[in-house]
Amino acid sequence: MSVTTTGPGTTPGTSPGASSGGSTRFKEWGENLQQLMRSPTFLAGVLIVGFWIFCALFGTLIVPYDPLETDLLSVLEPPSADHWFGADQLGRDVFSRVIVGSRDILTVAPLATLLGTILGTLLGLATGYFRGLVDDVLSRIIDALLSLPTVIVGLVALTALGSSNTTVVFVIAFGFAPIIARTVRSSVLSERELDYVAAARLRRESSLYIMLAEILPNILPPILVEFNVRLGYAIFAVATLSFMGFGIQPPSPDWGLTISDNYGLVGGGYWWTVLYDAIAIASLVVGVNLIADAIQGVLDG
Amino acid sequence: MASPATVRAAASPAAGADALEVENLDVVYKVRGRDRQVLSGLSFRIGRGEAYGLVGESGCGKSTAALAAVRYLPRNGRVSAGRIRVDGRDLLAMGPGDLRTLRAKSVSMVYQDPGRALNPSIKVGHQLAEVFEFAGMARKESLDRSVAMLERVRIVDPGRVMERYPHQLSGGMQQRVSIAMALATNPALLILDEPTTGLDVTVEAEVLDLVEQLRGEFRTSILFISHNLAVVARLCERVGVLYAGKLVEEGPTASVFNDPRHPYSVGLLRCLPRRGRRKDHGRLDTIPGFLPLPGSVAQGCIFADRCGLADDHCREREPALTGLGGRASRCHYPDRAPDLPRVMPADAPMAAKLPANAKPILSIRNLSKTFVSGGHAVAALRDVNLDLMPGETVGLVGESGSGKTTLARLLLGLTAPDKGGSIILDGDALPAALVGRSSKQVKQLQIVFQNPDSALNRSHTVRGLIGRAITKLAGIKGADMVSRLLELTRVVRLADRYLAAKPRQLSGGLKQRVAIARAFAGDPRVVVCDEPTSALDVSVQAAILNLLADLQAMQGVSYVFISHDLGVVRYLADRIAVLYLGRLMQVGTAEQVFAGPYHPYTEALLSAIPTLEGRQPERIRLTGEIPSAINPPKGCVFHTRCPHKIGPICEAQEPPLTEIAGGDFVRCHIPVADLPRAQATA
């Protein structure tokens with residue numbers, strides 16, 4: 001019987017890219033990470049976002065003043081050695097408020113995006129995989145949701161439910177889910193035609209297994225990019241809602257809220273009450289988008 | 001180094017400058033900051049009007065050689081040494097302007113995939129006319145010339161084809177248009193890079209005929225690149241065998257293919273299932289090991305690791321390309337090459353003979369499938385009846401669009417058949433849909449897909465891929481699963497160290513072994529093999545065919561083997577079913593189908609296969625395309641292309657599938673005695 005003889009394919013020696021050990025997944029991520037580390041775009045993004053995350057975590061320990069402490073003697077004081085970024089109409093230190101103001105937005109926005117991505121991914125997997133009636137019904141609902149302006153729907157929902165950080169998270173997550181679902185669905189549509197899905201069906205795998213264990217790992221890259229892009233939008237959405245008074249509530253030193261409280265003062269020449277918060281929002285959004293761009297670049301090869 | 005002097009003296013068909021002269025060419029690709037040498041010291045020349053074939057397996061540098069010849073290397077590639085002369089002019093010394101003129105006028109290239117070489121949004125006529133306009137002709141004149149050109153590539157009704165977009169043409173027609181574009185400027189050199197690889201055998205035969213005829217008319221020199229030795233044998237006067245970026249053998253085609261003098265050429269030729277070779281005559285020989293990475297062999301002969309004749313001398317000193325009177329071989333022992341020891345033992349394990357009263361394991365009765373596409377009913381499969389005995393292989397052959405894959409999907413339950421047909425597995429009727437089938441039925445009927453890249457989930461490891469199949473199909477878990485996994489990988493000859501690898505880290509052959517192991521996880525009774533070797537190199541193909549034959553001999557499994565390669569089908573199949581437009585045209589034992597009497601369609605398919613044994617005496621050519629299944633011809637579906645059509649009855653009435661000999665059925669109006677038979681030389 002020739003079955004046990006060594007045939008081609010088992011001959012030791014040169015083999016194309018044979019790997020040793022079971023850490024292939026880590027190796028892949030490691031390779032991608034290495035490539036990211038060489039990208040100046042990514043490093044700049046990480047630097048900016050990392051700075052704000054540090055401020056959110058440890059800001060209260062390093063700021064010179066308590067961001068909530070009012071000081072009637074320094075009301076609307078311009079930037080000086082005492083108050084680097086000046087003081088607002090209650091005499092609170094603007095520098096301390098900008099640093100600590102990153103905390104709420106960096107909790108709410110990522111949580112909302114994460115929740116929205118998970119919901120959207122599940123929705124996209126279901127519509128893309130099942131097609132047929134499930135797809136028709138869910139996709140029309142998604143289309144209907146997408147046709148409504150997110151901010152208006154958010155405002156209505158927040159008015160009805162009452163504003164709190166939790167409701168803001170849910171409102172933004174539900175607003176993002178249909179958009180993410182569409183992206184995921186289109187990736188699933190091309191994946192499900194591949195033979196490995198047929199092979200899984202020929203093992204009588206459940207639809208849930210096929211969606212989560214077979215298809216999902218292969219469409220993670222676009223989902224990751226989508227998450228990053230949405231995070232940028234989420235930061236903006238949270239700031240907008242706060243500005244309109246439906247988002248993060250006082251007395252938080254949140255940036256959007258602060259701008260909303262003080263923008264009337266800009267006309268009086270008190271620009272420092274608004275400018276630094278605006279720069280903070282912009283820099284965070286830019287940082288997140290730089291990271292998203294870099295990741296997309298690496299994944300596209 | 002190489003001694004091209006002897007080679008050069010050998011073939012010099014015409015006076016004047018050679019169409020292409022490549023001398024000591026080195027090409028490197030920069031990969032991750034490091035230079036990788038893909039071609040080293042490549043020298044060859046193509047005389048005026050000569051056809052030169054460059055053969056070798058994937059990764060040996062064939063396409064790089066072609067791209068270098070028009071200085072069209074990818075951005076990370078460059079010529080690091082050597083000379084290239086086209087029509088006597090030094091290509092490497094040319095400026096951008098000269099180079100553009102050269103590409104426009106002297107050299108043309110035809111690529112593998114015509115669908116991607118043609119611009120999808122421009123009408124065929126305009127694309128072709130552009131070539132003439134570029135050469136300085138007026139609009140009107142270039143359009144006229146385009147029509148004439150399409151006529152010359154044997155396109156019927158060129159005026160209508162001019163008005164079409166590429167996607168409205170079949171693959172064969174697209175390739176004709178590409179060839180017309182390439183020949184439009186009457187180039188000195190035509191480079192054909194695997195021009196027939198994606199085409200059906202019948203279309204391939206037509207395209208090769210065309211190239212051959214045009215060569216006579218235009219006196220164009222041809223560089224023909226292919227992994228298919230038989231195709232090269234048909235067309236080329238001289239051939240060079242490329243291995244790991246070096247020419248290992250060169251000479252007149254007939255002598256290289258019939259009396260090879262390099263162990264690699266010998267091995268490559270032995271891998272092919274030659275005429276009449278069958279699984280019970282013994283296993284195909286293979287070439288052990290893998291192609292070395294470009295530039296990785298520092299010392300000695302590049303083939304020494306895989307060569308059965310290699311000795312210490314071979315491992316220490318690199319042989320030069322040495323002239324052998326009209327031909328050349330890069331081997332220290334060219335005279336001993338034909339005695340290369342076999343890798344596979346010639347004896348084959350024989351499958352147990354079936355008892356006379358054996359019952360079929362799989363029976364297909366009146367199976368039909370109609371798709372609805374844009375309001376039209378498309379009969380992909382009509383009224384197919386077929387039996388499969390235990391341990392038997394039925395080969396399914398036919399051109400693309402004949403319904404082979406549809407039949408496979410119906411068997412597996414991935415597509416539901418029309419009402420009225422039935423599939424019986426081991427005595428029990430199979431529910432049409434996969435979800436209705438019992439787990440026993442599901443594991444008994446499995447498939448090996450054509451493309452392992454699509455069939456293996458790229459984010460799972462080999463261990464995960466096979467392990468999951470064992471858990472689900474055989475119902476084994478834990479330590480037993482691991483031992484079964486190791487047993488399976490041993491049976492398909494997959495080394496343990498690959499268990500942790502992902503598919504993209506494996507070569508094509510290894511991937512297909514994983515797919516086979518997965519299909520065999522639950523001890524199947526029937527395995528559908530859908531073109532399992534069509535994406536593989538010949539040496540790898542031989543190993544996979546051997547594996548399938550061994551598994552069958554060991555486990556008594558039956559195969560439904562789908563392939564467009566009749567040589568492969570003949571090697572593995574006991575019986576053959578010929579499909580055309582979803583109908584069975586002929587079913588019989590392999591001997592009967594290959595020896596005749598044939599159905600006219602079978603005859604045409606068989607005669608379209610190019611062989612290494614030189615020219616066939618008479619080729620039956622099918623004219624025209626396979627008709628659309630939306631509107632199949634009335635009467636016999638084959639009558640529109642049949643070279644033996646006998647009269648109005650063929651157009652009026654569909655012939656029944658009649659038994660012409662024991663177990664040999666043919667669907668034809670021609671009386672048995674008049675059916676075409678094997679030609680004396682075949």
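Good morning. The term pLDDT denotes the predictor's confidence in each residue, on a scale from 0 to 100. The structure before us is a predicted model, and chain B has a mean pLDDT of 86, with 94% of its residues at 70 or more. Residues 1–15 of chain B are a stretch with pLDDT below 50, although in the model this stretch makes 22 contacts beyond near neighbours in sequence. Where pLDDT is low, the predicted coordinates should not be read in detail. For the complex, the predictor reports an ipTM of 0.81 and a pTM of 0.84.

Let me turn to chain A. Helix α4 of chain A covers residues 102–130, 29 residues in total. From first C-alpha to last, α4 reaches 42 Å, close to the 42 Å expected at 1.5 Å a residue. After α4(A) comes A:Arg131, which has a positive phi, near 50°.

In chain B, I draw your attention to an open sheet of 4 strands, ordered β14-β13-β16-β17, with antiparallel pairing. The edges are formed by β14 (376–388) and β17 (428–429), each with a single partner strand, so one side of each has no neighbour in the sheet. Strands β13 (residues 362–373) and β16 (residues 422–425) are joined by 4 bridges, and B:Ser363 stands opposite B:Ile424 of β16(B).

Finally, consider B:Arg518, in helix α19 (residues 508–519) of chain B. Is this residue buried or exposed? B:Arg518 is buried, yet has no salt bridge. The nearest side chain of opposite charge is that of A:Glu214, 6.3 Å away. Among the residues that B:Arg518 touches are A:Ala199 and A:Arg203 in chain A, together with B:Leu456, B:Leu465 and B:Leu473 in chain B. Thank you.

How values were computed. Residues numbered from 1 in each chain as written. Chains lettered and ligands numbered in written order. Predicted model: local features only at pLDDT ≥ 70, side-chain atom pairs only at ≥ 80, totals over all residues. Heavy atoms only, no water. Helix = DSSP H or I, 4+ residues; strand = E, 2+ residues; numbered from the N terminus. Buried < 20%, exposed > 50% of the residue type's maximum accessible area, 1.4 Å probe, protein only. Lys, Arg positive; Asp, Glu negative; His and termini not counted. Salt bridge = Lys/Arg side-chain N within 4 Å of Asp/Glu carboxyl O. Contact = heavy atoms within 4.5 Å. Expected span 1.5 Å × (residues − 1). Pairing = 2+ DSSP bridges. Lists of a residue's contacts leave out its neighbours within four places in sequence.
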